[in-house]
Amino acid sequence: MESKHPANACRRCGATAYKPVIARDASGAMMPSGTYRCVGCKLEFNTVDQWRASTEIERTAAH
Ligand SMILES: [Zn+2]
């Protein structure tokens, strides 16, 4: 009952799934680019934290 809102959901559209973005690398092979895309709103992100509704975005540019 209380889990009406899934912990893992897009903060923009509420979709509960995302897929890795596949890109062609230098040798022509299709490889995961390290980026993910929401299946709902097509938001692209590098970490799930950037996509999840339940997590506040940290504004630190930590790399
Ligand atoms: Zn979305």
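In which strand does Thr-35 lie? Thr-35 belongs to strand E2, and the views below, drawn from a predicted model, return to this residue after the sheet has been introduced.

**Figure 1. The protein contains 3 strands and 0 helices.** Read from the N terminus, the elements follow the pattern β-β-β. Of the 63 residues in the protein, 5% are buried. Among contacts with a separation of 6 or more, 37% join residues that are 24 or more positions apart.

**Figure 2. The 3 strands make an open sheet in the order E1-E2-E3.** The pairing in this sheet is antiparallel. Strand E1 (18–24) and strand E3 (44–45) are the edge strands, each of which pairs on one side only. As a general principle, the strands of a sheet pair through backbone hydrogen bonds, and the arrangement is either parallel or antiparallel.

**Figure 3. E1 pairs with strand E2 (residues 30–38) in the antiparallel sense.** The two strands are joined over 6 bridges. Ala-23 stands opposite Met-31 of E2. Ile-22 has Pro-32 in E2 as its bridge partner.

**Figure 4. E1 and E2 form a hairpin.** Between these two strands lie 5 residues. The turn includes Gly-28, whose phi is positive, at about 90 degrees.

**Figure 5. E2 and E3 run antiparallel and are joined by 2 bridges.** Tyr-36 stands opposite Phe-45 in E3. E2 and E3 also form a hairpin, with 5 residues between them. In the turn of this hairpin, Lys-42 has a positive phi of about 65 degrees.

**Figure 6. Thr-35 is a residue of strand E2.** Which residues does Thr-35 touch, not counting residues up to four places away in sequence? Thr-35 touches Val-21, Glu-44 and Asn-46. Thr-35 and Phe-45 are 10 residues apart in sequence, and their C-alpha atoms are 5.8 Å apart in space.

**Figure 7. The surroundings of Thr-35 show how its exposure is assigned.** Why does Thr-35 count as partly exposed? Thr-35 has 13 C-beta neighbours inside 10 Å. A residue is buried if this number is 20 or more and exposed if it is 12 or fewer, with partly exposed residues in between. Thr-35 therefore counts as partly exposed, with its 13 neighbours.

Methods: Residues are numbered from 1 along each chain as its sequence is written. This is a predicted model: local features need pLDDT of at least 70, side-chain atom pairs count only at pLDDT 80 or more; totals for chains, interfaces and linings use all residues. Helices (H or I, at least four residues) and strands (E, at least two) are DSSP runs, numbered from the N terminus. Two residues are in contact if their C-beta atoms, placed from the backbone, lie within 7 Å. Two strands pair if DSSP finds at least two bridges between them.
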